[in-house]
Amino acid sequence: MQTQKKDALMFQLGKTIVSEDVITKDFLCNLSACKGACCIDGDAGAPLDPEEIDVLKEIYPKVKPFLRQEGIEAIESQGTFIETEEGDLETPLIDGADCAYVIFDEKNVALCGIEEAYNQGEINWKKPVSCHLYPVRVQEYSEFSAVNYHKWQICDDACSLGKELQVPIYKFVKEALVRKFGKDWYEELEKVAQTFQQS
């Protein structure tokens, strides 16, 4: 069961409302410990932005050779994306568990088949932005976007490693935040973080 902390203070940055946890909490993925559990645990696929649907359709032929047979079967029966009863867009799952785009390396660590195709130079799109941003989650509203830290027990090792190496969440996901909101927005976030450090 995923739990979302609700009591963090928020601050406004342009058209976003950002949880202070994003700049005050530490996080650094520890794949050797968690084995990529966020891609295979839970009961929902990765959230997708509407504009990502066409991208997934377009890149699928180049991503397909990197996928497991079970993933290919799930995608070809459900589609490159699904729409839930609530109208949310997500990646399809294999038997209600693994993301259909998940692959495993020789150490049985879950990796993203889309990202592997990207790393091999087959496509120029890394992966869904929601995956790239994790553990940051963005909820879109009509007037603003809410930017929150999604705390999940399976990431306890990432929290410990981040604290040990003093890597705040916003630095860990810098590339993804710039991708989502732009360089200027991220620079403003850095300024806010500096004021927190000084206080």
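In this predicted model, E140 is partly exposed, with a relative accessibility of 42%. The side chain of E140 meets that of K180 in a salt bridge, with N and O 3.1 Å apart. K180 is likewise partly exposed, at a relative accessible area of 23%. E140 belongs to strand 9 (residues 136-140) and K180 to helix 9, so this pair ties together parts of the chain that lie 40 residues apart in sequence. Elsewhere, salt bridges with shared partners join E115, K126, K127 and E175 into one network.

Helix 9 also takes part in a second pairing worth a look on the structure above. Here R179 and E52 meet through their side chains in a salt bridge, at 3.9 Å from N to O. Because R179 sits in helix 9 and E52 in helix 3 (residues 50-63), the contact ties together parts that are 127 residues apart in sequence. The two partners can be described in turn: R179 is partly exposed, with a relative accessible area of 33%, whereas E52 counts as buried at 4% relative accessibility.

A further salt bridge joins D98 and R68, whose closest N and O atoms are 3.2 Å apart. This pair links distant parts of the chain, with D98 in strand 6 (residues 98-99) and R68 in the loop between helix 3 and helix 4 (69-78), 30 residues apart. Both D98 and R68 are buried. Counted by the same rule, the salt bridges of the model come to 10.

Turning from charged pairs to nonpolar side chains, the largest nonpolar core has 26 residues. Within this core, the residues with the most contacts are V18, Y170, L177, W185 and L189. Several elements each supply at least two of the core residues: strand 1 (10-13) and strand 10 (145-149), together with helix 1 (21-24), helix 6 (129-133), helix 7 (156-165), helix 8 (169-172), helix 9 (174-181) and helix 10 (183-198). Helix 10 gives the most to the core, with 5 residues.

V18 offers a handy way into this region. Leaving aside residues up to four places away in sequence, V18 touches L9, M10, F11, L13, V147, W185 and L189. Of these partners, W185 and L189 are themselves among the residues with the most contacts inside the core. Apart from this core lies another, made up of 23 residues, including L48, V63, A110 and C112.

Methods
Residues are numbered from 1 along each chain as its sequence is written. This is a predicted model: local features need pLDDT of at least 70, side-chain atom pairs count only at pLDDT 80 or more; totals for chains, interfaces and linings use all residues. Side-chain values use heavy atoms; hydrogens and water are left out. A nonpolar core is a set of buried Ala, Val, Leu, Ile, Met, Phe, Trp, Tyr and Cys residues joined through side-chain atoms within 4.5 Å. Buried means under 20% relative accessible area, exposed over 50%, partly exposed in between (1.4 Å probe, protein chains only). Helices (H or I, at least four residues) and strands (E, at least two) are DSSP runs, numbered from the N terminus. Contact means heavy atoms within 4.5 Å. A salt bridge is a side-chain nitrogen of Lys or Arg within 4 Å of a carboxyl oxygen of Asp or Glu.
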